[in-house]
Amino acid sequence: MSMNRKMYELTYILTPVLSVDQTAEVVARINVIIEGAGGTIIEVDQWGTKKLAYPVDKKRNGYYVNLYFEGPGTMIPRIERALTIDDNVLRSLILVMDKSMIAHYHANKSKTKTSVVEETEPSKDG
C-alpha cells in the first residue's frame with residue numbers, strides 16, 4: 001500500500017514572551033509532532049520576532065517559524081489540532097504545495113546556494 005505523499009509549507013507564530021530555550025523547545029516539539037504523524041521535515045526556517053499586522057491575544061509581536069515537510073494528507077488534521085491546542089502558538093497556516101510552488105522553492109534553494117558560493121570565493125581583484 002503506497003501512501004500519497006505531498007509537500008507542505010507550515011508557517012506558525014509563537015507568543016513572544018517565551019525565552020530562547022522555551023522557543024527552541026516548542027519548535028522541537030512541533031517538529032516531533034510532524035515526524036510522529038508520518039511526516040518528513042525538509043527545512044525549518046526561524047524568522048524571529050516580528051511585529052504582527054494586528055494584535056493577537058493582546059500581543060503586538062510574534063516569533064515566526066516557517067517549515068517545509070512531506071507526508072500523507074491524513075496527518076494534517078493531527079498537526080492542525082496540536083497547533084490549535086498549544087497555548088504558545090498564536091496562529092498557524094498549512095499550505096499544500098502545488099507543482100509551481102515546489103518549483104519556486106527549489107529555484108530559490110539553488111539560487112541561495114549559488115549566492116553563498118559566490119560570496120565565499122575570494123576576489124580576483126585583491
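**Entry 1: helix α2.** I began with the outward side of α2, where Pro77, Arg78, Arg81, Thr84 and Ile85 are exposed. I note here that the model is predicted. I then looked up the opposite category in α2 and found Ile76, Ile79 and Leu83 buried. Viewed down the axis of α2, these buried residues fall within an arc of 65°, so they line one face of the helix. I next recorded what the buried residues of α2 pack against: β1, α1, β3 and β4.

**Entry 2: length of helix α1.** I turned to α1, which covers residues 20–36. Its 17 residues, at 1.5 Å a residue, should span 24 Å, and I found the end C-alpha atoms 24 Å apart, which agrees.

**Entry 3: the two sides of α1.** Which residues of α1 are buried? I listed Thr23, Val26, Val27, Ile30, Asn31 and Ile34. They cover an arc of only 135° around the axis, and I therefore place them on the same side of α1. On the face turned away from that buried side, I noted the exposed residues Asp21, Glu25, Val32 and Gly36.

**Entry 4: surroundings of α1.** I asked what covers the buried residues of α1. The cover includes the strands β1 (5–14), β2 (40–56), β3 (59–72) and β4 (89–96), together with the helix α2 (76–85). I had already entered α1 among the elements that the buried residues of α2 pack against.

**Entry 5: after α1.** Lastly, I looked up what follows α1 and found glycine 38, with a positive phi near 105°.

Definitions and conventions. Residues numbered from 1 in each chain as written. Predicted model: local features only at pLDDT ≥ 70, side-chain atom pairs only at ≥ 80, totals over all residues. Heavy atoms only, no water. Helix = DSSP H or I, 4+ residues; strand = E, 2+ residues; numbered from the N terminus. Expected span 1.5 Å × (residues − 1). Buried < 20%, exposed > 50% of the residue type's maximum accessible area, 1.4 Å probe, protein only. Arc of directions from axis to C-beta. Contact = heavy atoms within 4.5 Å.
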